[in-house]
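This report looks in turn at a pocket, one residue beside it, a sheet and a helix. Please keep the sequence and the structure in view while reading.

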Amino acid sequence: MSLDSHWFTELCEEGGSAFSLKILRKLHEEQTDYQRIEIYETEQFGNLMVIDGFIMLSARDNFLYHEMMSHPALFTHPDPRRVVIIGGGDCGTLREVLRHPGVEQVLQVEIDERVTRLSERYFPELCEANGDPRVEFLFGDGIRWMAEAEAGSRDLVIVDSTDPIGPARGLFTEAFYRDCHRVLGDDGILVQQSESPMYHMDILLPMHRAMRAAGFAHTHSLHFPQPVYPTGWWTATLGSKRVAPADFRAADAAARPFPTRYYNADIHRAALAMPEFFRAALAELAAPAP
Ligand code: SAM
């Protein structure tokens, strides 16, 4: 929605709030088979991608989200080699995953090829690693792919999806997490973008419950700032089959052989800290029914 021609405004109905960015012009708009994609040039945040009225990313602050969707999970698994990204069509998460020299193959299963084609054009910096020989792109439904994938065939599943509406709804269910659990090896880790703790505990708590019911021994939400998302405060939730998220490879994270702009071992440790209301809600979730 536009307040006037100089602003893009995202309304957040569930929070009774809105976030606006000053725009210079609309660069592109199209209705694909799955969703409506808009691209804007903003005054201060670089290019902006919007899907179905919701901000996906800006050139200025996407590094926060993409680094936190990838590096904490990669530095928690003892030896991640085989990665699948579900969604992630803008390729920002993919670029971060490929920074890890130990990763041998990355499959990205994105339902809407247009998201990737438009990212190549309007966010070329996020797509700079797309030609890496370790990458394979599949344009199709990630839910279906997971249901049919071979058991134990991946070390890491990264669900970099839109909000739980439209084609992404099924990515937030116990049935999907069961498939992820089966597809992951013994040390396997699932990570999913999990919205804001300020507005979306109704999504976060069922996610923890569903991941645990699906067989993940540990679940943990990591916190980070994300200015262009509602409340500016976002989470990535890990489901781990064996390794406790607190036991991440901190020394390897500190000695990582690639540059980051937000992530480091201290940020990783800090992101694991639980606010009191979140800790209490999770404790209630874990308590046996009276
Ligand atoms: N960072 C973003 C956020 O949290 O708003 C998400 C970015 S990424 C563009 C999300 C992608 O998930 C979209 O490109 C969308 O097409 C894709 N997606 C949604 N449902 C999907 C599904 N069932 N299978 C594969 N990809 C899906």
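## Terms and model

In what follows, Ala, Val, Leu, Ile, Met, Phe, Trp, Tyr, Cys and Pro count as nonpolar, Asp, Glu, Lys and Arg count as charged, and the others, Gly among them, count as polar. The structure shown is a predicted model.

## The largest pocket

The largest pocket holds about 680 Å³ of space, and its lining of 50 residues divides into 25 nonpolar, 14 polar and 11 charged ones. Nearest the centre of this pocket lie Met56, Ser161, Thr162, Asp163 and Gln193.

Several elements share in building the lining, since at least two residues each are supplied by β1, β4, β5, α1 (62–74), β6, β7 (105–110), α4 and α6. The largest share, 5 residues, comes from β5.

## Asp163, beside the pocket centre

Asp163, one of the residues nearest the centre of the largest pocket, belongs to the loop between β9 and α5. Is Asp163 buried or partly exposed? Because buried means under 20% relative accessible area and exposed means over 50%, Asp163, with a relative accessibility of 21%, counts as partly exposed.

Leaving aside residues up to four places away in sequence, Asp163 touches Phe54, Ala168, Phe172, Gln193 and Glu195. Gln193 is therefore both a contact of Asp163 and, like Asp163, among the residues nearest the pocket centre.

## The open sheet

Strands of a sheet pair through backbone hydrogen bonds, and they may do so in a parallel or an antiparallel way. Here, an open sheet of 5 strands follows the order β1-β2-β3-β4-β5 with antiparallel pairing. Its edge strands, each of which pairs on one side only, are β1 (7–12) and β5 (54–58), and neighbouring strands are turned against each other by 45° on average, direction ignored.

Within this sheet, β2 (residues 17–31) and β3 (residues 36–42) run antiparallel and are joined by 7 bridges; for Lys26, the bridge partner in β3 is Tyr40. Helix α3 (residues 113–122) packs on the sheet, where it touches β2, β3 and β4 (47–51), and the direction of α3 makes about 95° with that of β2.

## Helix α5

Which residues of helix α5 (residues 174–183) are buried? They are Phe176, Tyr177, Asp179, Cys180, His181 and Val183. An α-helix has 3.6 residues a turn, so residues three or four places apart point the same way. Among the elements that cover the buried residues of α5 are β6 (82–87), α4 (142–148), β9 (154–160), β10 (184–193) and α6 (201–213).

Note on methods
Residues are numbered from 1 along each chain as its sequence is written. This is a predicted model: local features need pLDDT of at least 70, side-chain atom pairs count only at pLDDT 80 or more; totals for chains, interfaces and linings use all residues. Side-chain values use heavy atoms; hydrogens and water are left out. Buried means under 20% relative accessible area, exposed over 50%, partly exposed in between (1.4 Å probe, protein chains only). Helices (H or I, at least four residues) and strands (E, at least two) are DSSP runs, numbered from the N terminus. Contact means heavy atoms within 4.5 Å. Two strands pair if DSSP finds at least two bridges between them. Axes are lines fitted to C-alpha atoms, for helices over the stretch in contact, and angles run from 0 to 180 degrees between N-to-C directions. On a 1 Å grid over the protein atoms alone, a cavity is a set of points where a 1.4 Å probe fits but cannot get out, and a pocket is an open set with protein on both sides within 12 Å along at least five of seven lines; lining residues have an atom within 4 Å of a point. Grid points are joined across faces, edges and corners, and a volume is the space filled by probe spheres set on the points.
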